[in-house]
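Please load the coordinates in a viewer and keep the sequence panel open. The stops below are given in the order in which they may be selected.

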Amino acid sequence: MNDLFTSDDGLRLAFDDRGRGHPLLCLAGLTRNMADFASVAADFAGRARIIRLDSRGRGASDPDPDPGHYTIAREAQDALALLDHLGIERASILGTSRGGLIAMALAAMAPERLAGVILNDVGPVVERAGLAEITGYIGRRPTYADYAEAVERLPAVMAGSGFANVPPARWRAFAEALYVETPGGLDLRYDPALRIALQEQMSRGELPEIWPLFEALAPRPVALIRGAGSNLLSAATAAEMRRRMPGMLFAEVPDRGHVPFLDEPEAVALIGAWLDLVA
């Protein structure tokens with residue numbers, strides 16, 4: 001069972017805290033939750049304190065009655081509130097997609113709280129193609145009758161997004177993390193109102209490039225994981241990140257798009273090498 005704490009505006013937010021050592025706060029993508037980091041907890045709880053958060057409206061955390069609060073700034077405040085709740089002065093962040101954007105925001109908002117960062121398939125430039133794909137599915141209930149059907153259909157559905165050679169057990173874990181099984185078919189494990197929040201943010205125009213926030217991560221230990229077929233983090237942006245931060249650790253995961261699952265050998269090796277720098 002997950003632990004809970006209360007945000008400053010009264011929402012109950014779920015988290016999991018296990019392991020000992022350097023605190024590594026895991027922040028998931030826009031529609032995802034702490035289950036995405038199950039393999040990280042299994043692989044590294046012997047070397048680090050792995051803290052996984054369900055952001056507001058995701059997983060086991062309360063939905064926000066005001067979709068306008070589903071913002072990077074608000075979710076960054078929640079991350080800091082969790083660290084305060086646990087009595088942690090400084091922590092590192094493993095941020096997948098939106099979680100990585102939150103990490104970069106914290107480099108500006110509260111730099112003294114940030115010890116290091118691992119970015120999973122995200123950078124200071126968000127590609128239009130990847131964002132279009134997200135806006136196409138966010139908030140829409142899946143058409144799968146159950147987990148078995150999802151496992152059968154996901155390889156073809158996700159092939160166009162850069163995924164290949166994914167074992168059925170991995171697709172099963174993916175489906176169980178993102179969806180809940182109901183008598184009427186699979187349903188979302190996140191608040192569908194996230195779609196409203198994203199549409200509102202998109203109505204303000206293109207997402208700005210945030211190179212200054214990325215550069216603010218230095219001189220902390222920083223690492224980047226990229227799915228070789230990612231449509232959200234381009235190869236060109238990853239190359240420019242490496243040029244601007246030569247000491248950044250980097251791994252590219254073959255047969256993965258947005259985002260790598262973090263159980264791939266390349267991802268596991270990079271996280272281990274990064275922990276050698278901070279632990």
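Begin by selecting helix α6, residues 168-178, and display the side chains of R172 and E176, which both lie in this helix, 4 residues apart, about one turn. An α-helix has 3.6 residues a turn, so residues three or four places apart point the same way. In this predicted model, the side chains of R172 and E176 meet in a salt bridge, with 2.6 Å from N to O. R172 is partly exposed, its relative accessible area being 35%. E176 is likewise counted as partly exposed, at 33%.

Next, select E215 and R244, whose side chains form a salt bridge with an N to O distance of 3.0 Å. This pair links distant parts of the chain: E215 belongs to helix α8 (residues 211-215) and R244 to helix α9, and they are 29 residues apart. E215 is partly exposed at 39% relative accessibility, and R244 is partly exposed at 34%.

Keep helix α9 in view and add the strands that it connects. Strand β9 (residues 222-227) and strand β10 (residues 249-253) pair in the parallel sense, over 5 bridges. From β9 the chain passes through α9 (residues 235-244) to β10, and this β-α-β crossover is right-handed. To locate the pairing at the level of residues, pick I225, whose bridge partner in β10 is A251.

From β10, move on to E264, in the loop between β10 and α10 (265-278). Is E264 buried or exposed? Its relative accessibility is 4%, and E264 therefore counts as buried, the cut-off being under 20%. The side chain of E264 makes a polar contact of 2.9 Å with the side chain of R256. A polar atom of the E264 side chain also lies 2.8 Å from the backbone nitrogen of L262. With neighbours within four places in sequence left aside, the contacts of E264 are V253 and R256.

Now select helix α2, residues 72-86. This helix has 15 residues, and the distance from its first C-alpha to its last is 21 Å, close to the 21 Å expected at 1.5 Å a residue. Which residues of α2 are buried? They are R74, E75, A76, D78, A79, L80, L82, L83 and L86. To see what covers these buried residues, display the surrounding elements, including strands β1 (3-6), β2 (12-18), β3 (22-27), β4 (48-53) and β5 (91-96), together with helix α3 (98-109). After the helix comes G87, which has a positive phi, near 70°.

Within α2, centre the view on R74, which forms a salt bridge with D8; the closest N and O atoms are 3.0 Å apart. R74 lies in α2 and D8 in the loop between β1 and β2, so the salt bridge ties together parts that are 66 residues apart in sequence. The two partners have opposite settings: R74 is buried, with a relative accessible area of 13%, whereas D8 is exposed, at 66%.

Finally, extend the selection from this pair to D8, D9, R56, D64, R74 and D78, which are linked in a network of salt bridges. For the whole model, the count comes to 24 salt bridges; among them are R172 with E176, E215 with R244 and R74 with D8.

Conventions:
Residues numbered from 1 in each chain as written. Predicted model: local features only at pLDDT ≥ 70, side-chain atom pairs only at ≥ 80, totals over all residues. Heavy atoms only, no water. Pairing = 2+ DSSP bridges. Helix = DSSP H or I, 4+ residues; strand = E, 2+ residues; numbered from the N terminus. Right-handed = clockwise from strand over helix to strand, strands pointing away. Expected span 1.5 Å × (residues − 1). Buried < 20%, exposed > 50% of the residue type's maximum accessible area, 1.4 Å probe, protein only. Contact = heavy atoms within 4.5 Å. Salt bridge = Lys/Arg side-chain N within 4 Å of Asp/Glu carboxyl O. Polar contact = N/O pair within 3.5 Å; in protein donor to acceptor, adjacent residues only side chain to side chain.
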